[in-house]
Amino acid sequence: MADEAIPLARPVLGEEEERAVIDVLRSGQLSLGPRLEQFEQQFASRVGAPLASAVSSGTAGLHLALRAVGVQDGDEVVTSPFSFVASANASLYERARPVFADIDPVTLNLDPQAAADAVTSRTRALLPVHVFGYPADMQAFEALAGQNDVAIVEDACEALGARHADGAPVGGRGNPAVFGFYANKQLTTGEGGMVTFADPALKERIDSERNQGRAPDMGWLDHDRLGFNYRLSDIACGLGLAQLERLREMLAARARVAARYREALAGMEGLELPCADRAGNERGWFVFVVQLPRDVDRDQTVRELATAGIQSKPYLPAIHLMSFYRERFGHREGEFPICEDVAARSLALPFFPQMSEGQVGRVADGLSSALSRRGRAGALD
Ligand SMILES: Cc1ncc(COP(=O)(O)O)c(C=O)c1O
């Protein structure tokens, strides 16, 4: 019998989630009900933030957070080219320009020195991304923001469960920080997101703008500013509350799978693994992304793994080299060499909390045999 296929990601959903969703359905209040506030409060407390606003996606959260810190037409937002495209797109929604700076070759996060070099008189905000759940160097970005009097929005969409060296959870420093709850995330509501922050004025603005610009004390169909429909339904909030209950266990399981991968992949020549936690920072495990040796054909590796029933994906592509960004901003190869080198070699392997030792072993064996064909491009074709 052929081995069962191993997907890239798989959410952990059980009876608690089923019950939570059914309870909301039975309550008859499917949106703007009591689960919304409960989910916001419990999430804020989980990441040590004073306040939180639930939104319909991480992207919506980034958009509202950028608006809330004052980003507007003609501004520049310094950010990482090695991220999911939403972190750059969010600035474009406000006709601001995402200005990229290169990444650190070890953590793969925006390099604070490169970011400093990219700041101009038009910079309105810094948007570091805690990529693959590894905490960005927020002390350095906060210092840079202070020196230049610019705002910070943290893209924490991949970083639930991560901690900074001082023990503070990512998202709990008071800067607006945005989490995402798409189905592959550490916690999922199917689609969804959360913005955490400290300033009560931001709560008023984000809550209003996610709900078509309606102030909390205003009546039905009364709107005093431009807004959007970025609400998160109570069904999703109910699901989020059930997922929060099992978050500690899911994060621990992810960390165990990562440790198994480290053991199983150790010693594969030229293969680079996700950086180990450094200087007291703790990764919130989201994906397990390796960087293949430079002489390995990545597309062929993906095909070979697929033949063995193992899903894998090049992850992430460099944003500035995507056709839309090239055409719109004239970006070209060679601008951010570290990002481009990493993006050309990185491969996400299957990674989810319930992954068994046997499945990790199968992925390791599959990768090992693909790598052993190094230099023999086309061997499978
Ligand atoms: C780094 C990063 N930013 C932003 C997003 C956008 O989140 P969403 O898909 O919930 O809109 C994601 C999610 O995939 C992400 O990984």
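This dialogue walks through the cores, the sheet, two helices and some unusual backbone angles of a predicted model.

Me: Where do I start with the packing, and which residues have the most contacts inside the largest nonpolar core?

Reply: Start with the general idea. In soluble globular proteins, nonpolar side chains tend to be buried together. Here the largest nonpolar core has 47 residues. Phe 82, Phe 132, Val 153 and Tyr 315 have the most contacts inside it.

Me: Which helices and strands supply at least two residues of this core each?

Reply: Among the helices are H3 (58-68), H4 (86-93), H7 (200-209), H11 (323-329) and H12 (337-345). Strands E4 (123-127) and E8 (193-197) do so too. The largest share comes from H3, with six residues.

Me: What does Tyr 315 touch, leaving out residues up to four places away in sequence?

Reply: Its contacts include two other residues from that short list, Phe 82 and Phe 132. Phe 286, Val 287 and Val 289 are also among them. So are Glu 158 and Arg 298. Ser 346, Leu 347 and Ala 348 complete the set.

Me: How many residues does the second, separate core have?

Reply: The second core has 27 residues, including Phe 39, Val 170, Leu 241 and Met 250. Keep Phe 39 in mind for helix H2.

Me: Now the sheet. In what order do the strands run?

Reply: Read a sheet by strand order, then by edges. The order is E1-E8-E7-E6, four strands in an open sheet with mixed pairing. Strands E1 (51-55) and E6 (154-155) are the edges, each pairing on one side only.

Me: How many bridges join E1 to E8?

Reply: Five, and the two strands run antiparallel. For one example, find Ala 54: its bridge partner in E8 is Met 194.

Me: Which strands does helix H2 touch as it packs on the sheet?

Reply: H2 (residues 34-47) touches E1, E7 (177-180) and E8. The direction of H2 makes about 130 degrees with that of E1. H7 lies across E1 and E8, and runs at about 15 degrees to E1.

Me: How do I read one helix, say H1? Which of its residues are buried?

Reply: Check length, then faces. H1 (residues 15-27) has 13 residues and reaches 18 Å from first C-alpha to last, close to the 18 Å expected. Glu 17, Ala 20 and Val 24 are buried. These three lie on the same side of H1, because they cover an arc of only 60 degrees around the axis. The face turned away carries exposed Glu 15, Glu 18 and Arg 26. H2 and helix H8 (234-245) are among the elements covering the buried residues.

Me: Which residues of H2 are buried?

Reply: Run the length check again before the faces. The 14 residues of H2 should span 20 Å, and its end C-alpha atoms are 21 Å apart, which agrees. Arg 35, Leu 36, Phe 39, Glu 40, Phe 43, Ala 44 and Val 47 are buried. They fall within an arc of 160 degrees, so they line one face of H2. Gln 41 and Ser 45 are exposed on the other side. The buried residues pack against H1, E1, E7, E8, H7 and H8.

Me: What is the sign of phi at Gly 28 and Gly 48, positive or negative?

Reply: Positive in each. Gly 28 follows H1, with phi near 80 degrees. Gly 48 comes just after H2, with phi of about 70 degrees.

Me: What should I look for in the backbone of other residues?

Reply: Look for exceptions. Most residues other than glycine have a negative phi, and most peptide bonds are trans. Asp 149 is not a glycine, yet has a positive phi of about 50 degrees. Asp 149 sits in the loop between helix H6 (138-148) and strand E5 (151-152). At 72% relative accessibility, Asp 149 counts as exposed.

Me: What is phi near at Gln 212?

Reply: Near 60 degrees, again positive outside glycine. Gln 212 lies in the loop between H7 and H8. With a relative accessible area of 34%, Gln 212 is partly exposed.

Me: Is the peptide bond from Tyr 315 to Leu 316 cis or trans?

Reply: The bond is cis, with omega near 5 degrees. Leu 316 belongs to the loop between strand E10 (313-314) and H11. Tyr 315 is also one of the residues with the most contacts inside the largest core.

Conventions
Residues numbered from 1 in each chain as written. Heavy atoms only, no water. Core = buried A, V, L, I, M, F, W, Y, C linked by side-chain atoms within 4.5 Å. Buried < 20%, exposed > 50% of the residue type's maximum accessible area, 1.4 Å probe, protein only. Contact = heavy atoms within 4.5 Å. Pairing = 2+ DSSP bridges. Axes fitted to C-alpha atoms, helices over the stretch in contact; angles between N-to-C directions. Expected span 1.5 Å × (residues − 1). Arc of directions from axis to C-beta.
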